[in-house]
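I opened my notebook beside the viewer this morning and wrote down what I looked up, one entry at a time. Follow along on your own screen if you like.

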Amino acid sequence: MPAAQRHAHDLRDDALTIWRSGVEAVDSERLVARSIRTWKNGLSINGTAWSARPHSRICVVGAGKAGAGMAAGLEAAVGPEWLSRITGWVNVPEDCVRPLQKIHLHGARPAGLNEPTAAGVTGTARILELVSELDPDDLCIVLISGGGSALLPAPLAGITLEDKQQVTRCLMRGGATIEELNGVRRALSQVKGGGLLRACRAGLLVTLIFSDVIGDPLETIASGPTINLPPDPKAALATLQRFAAVGGEAIPSRVIKALEQMSQQQVKSTAPICRAVQHVIGNNRVAVEAAARSAQRLGYSLLELKWDQPGEAANAGRLLAAQLMRLQEQLAVGAKGCVISGGETTVQLARTNGPQKGGRNQELVLAAAVEMLAAEQLQPFALLSGGTDGEDGPTDAAGAVIDLDVLQRIKQAQLDPQQFLSVNNSYPFFEQLDALIKTGPTHTNVMDLRVGLIGGEAVP
Ligand SMILES: O=C(O)C(=O)CO
């Protein structure tokens, strides 16, 4: 392999190493285990202490893509004496289910389908039952992570699961923000917006959270099942009507009726019975900073470091490509630089006839590929974007990566990335180039992590 090509390959490997370091820094099993301390008559969870009585029980419930790792970390940290007091049930994607000692992992939806299902409804009913059977001497630990909204469905009376699926699809297809989506979900749920907390009869409820929302707003992460917040049916209705008008989709009449009825009633806020404490133990910043340290260890100087970045996926891809090209101009000959950022972008889907497949990370890299192909002269580079949960959109890939080698293959195959971009068809594009990143479930979820590297020798 010629030296320049070998070097380009090194950058791609480095980009993957750096991305993985970021994901490992938010490993759910390790971070939960680290937050638990036990002693003879009590334990503390991220500093919140609880004293047990001889008959006290510990109930562990939750939902989210990081649920399996969080539950396993908790079991490992408490040890056999405390395990005997534990019962637990956590709703997770089907491909995360595995046997644990005391906590049941319940497959609440198929992998890659970010929608509420009947299995999710059954699991949520079980969770509500478990927490309602506790008493003031008991402790409830709630494990929450992104993806929890779809994994924890409990439709309001009068609304069906199909209604909720339709509403979710309408908002997602329209490119609703997570705040908009979860505002609607809270209004239509018995468990979200504090429903789980209000159902709980324990003396203390501690929530451990992996945040996959910009700024870590607790009421939005998994729609805040332990954050006591009265629903806002008027705002929910307005959001739904706006997106239904854009997408031309109908809102189920039962949903409209339920929201109108709620708007007319005085929504009383019900005070929870148990004391509630929340701890965010993993977020995007932790992953981005760990990735940056990894890049620096590999000899890259840092141009920019940002976390919690929102925006439109293709725009973010163009920006990252432009940053890399600017960096190439600034670097001394032979030096290597990097741009690391994180956050979550959105994709406004084009109206197309055929089935299209992709995710926001793949879309971002595809838009960057268009820019990099148009560049006059490029040093070796690698540009990677991946979801820390290992699931980019409804696909089995976490994201995609490009480098000089991939650009070369695009040219050889005479592919037009702009054409794939215009119909949001990033997955087939990268699949044929062998440029997808596939990790399977990572058992964590702190949004996305992007790594741009450039430098070394100029390519003739
Ligand atoms: O609500 C969800 O499930 C999300 O992924 C955001 O936390």
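**Entry 1: the ligand shell**

Which helices each supply at least two residues of the shell around the ligand? I looked them up, and they are α5 (148-151) and α7 (178-187). I should say at once that I am reading a predicted model.

Of these, α7 gives the most to the shell, with three residues. I listed 13 residues around the ligand, and the closest are Gly147, Ser149, Asn182, Asp212 and Ala222. Then I sorted the shell by character: four residues are nonpolar, seven are polar and two are charged.

**Entry 2: polar atoms at the ligand**

Next I went through some of the close residues one by one. Glycine 147 places a backbone N or O atom 2.8 Å from an oxygen atom of the ligand. Alanine 222 also uses a backbone N or O atom, which lies 2.9 Å from a ligand oxygen. With asparagine 182 I had to look at the side chain, where a polar atom lies 2.8 Å from an oxygen atom of the ligand.

How much of the ligand's accessible area does the protein cover? I noted 92% of the 230 Å² that the ligand has on its own.

**Entry 3: the six-stranded sheet**

I moved on to the sheets. One is an open sheet of six strands in the order β6-β5-β4-β7-β8-β9, and the pairing is parallel. Why is one side of β6 and of β9 left without a neighbour in the sheet? β6 (103-109) and β9 (275-282) stand at the edges, and each has a single partner strand, so there is nothing beside them on the other side within the sheet. From one strand to the next, I noted an average twist of 15 degrees.

I took a closer look at the β6 edge. Strand β5 (residues 86-93) pairs with β6 in the parallel sense over six bridges. One pair to click on is proline 93 with its bridge partner in β6, arginine 109. On this sheet I also found α2 packing, where the helix touches β8 (204-210) and β9. The direction of α2 makes about 145 degrees with that of β8.

**Entry 4: the three-stranded sheet**

The other sheet I looked up is open too, with three strands in the order β1-β2-β3 and antiparallel pairing. Here β1 (36-39) and β3 (48-51) are the edge strands with a single partner each, so one side of each has no neighbour in the sheet. Neighbouring strands are turned by 15 degrees against each other on average, direction ignored.

How many residues lie between β1 and β2 in their hairpin? I found two. These strands pair in the antiparallel sense over four bridges, and isoleucine 36 stands opposite isoleucine 45 in β2. Strand β2 (residues 42-45) also pairs with β3, again antiparallel and over four bridges. There I marked leucine 43, whose bridge partner in β3 is tryptophan 50.

**Entry 5: helices on the three-stranded sheet**

Last, I checked what packs on this sheet. Helix α2 (residues 28-35) touches β1 and β2, and its direction makes about 40 degrees with that of β1. Helix α3 (residues 67-83) touches β1, β2 and β3, at about 10 degrees to the direction of β1. I put a star beside α2 in my notes: it packs on the three-stranded sheet, and α2 also packs on the sheet that holds β8 and β9.

Notes. Residues are numbered from 1 along each chain as its sequence is written. This is a predicted model: local features need pLDDT of at least 70, side-chain atom pairs count only at pLDDT 80 or more; totals for chains, interfaces and linings use all residues. Side-chain values use heavy atoms; hydrogens and water are left out. Two strands pair if DSSP finds at least two bridges between them. Axes are lines fitted to C-alpha atoms, for helices over the stretch in contact, and angles run from 0 to 180 degrees between N-to-C directions. Contact means heavy atoms within 4.5 Å. A residue is near a molecule or strand if one of its heavy atoms lies within 4 Å of it. A polar contact is a pair of N or O atoms within 3.5 Å; within protein, one must be able to donate a hydrogen and the other to accept it, and residues adjacent in sequence count only if both atoms are side-chain atoms. Accessible areas come from the Shrake-Rupley method with a 1.4 Å probe; for residues, only the protein chains shown count as cover. Ala, Val, Leu, Ile, Met, Phe, Trp, Tyr, Cys and Pro count as nonpolar, Asp, Glu, Lys and Arg as charged, and the others, Gly among them, as polar.
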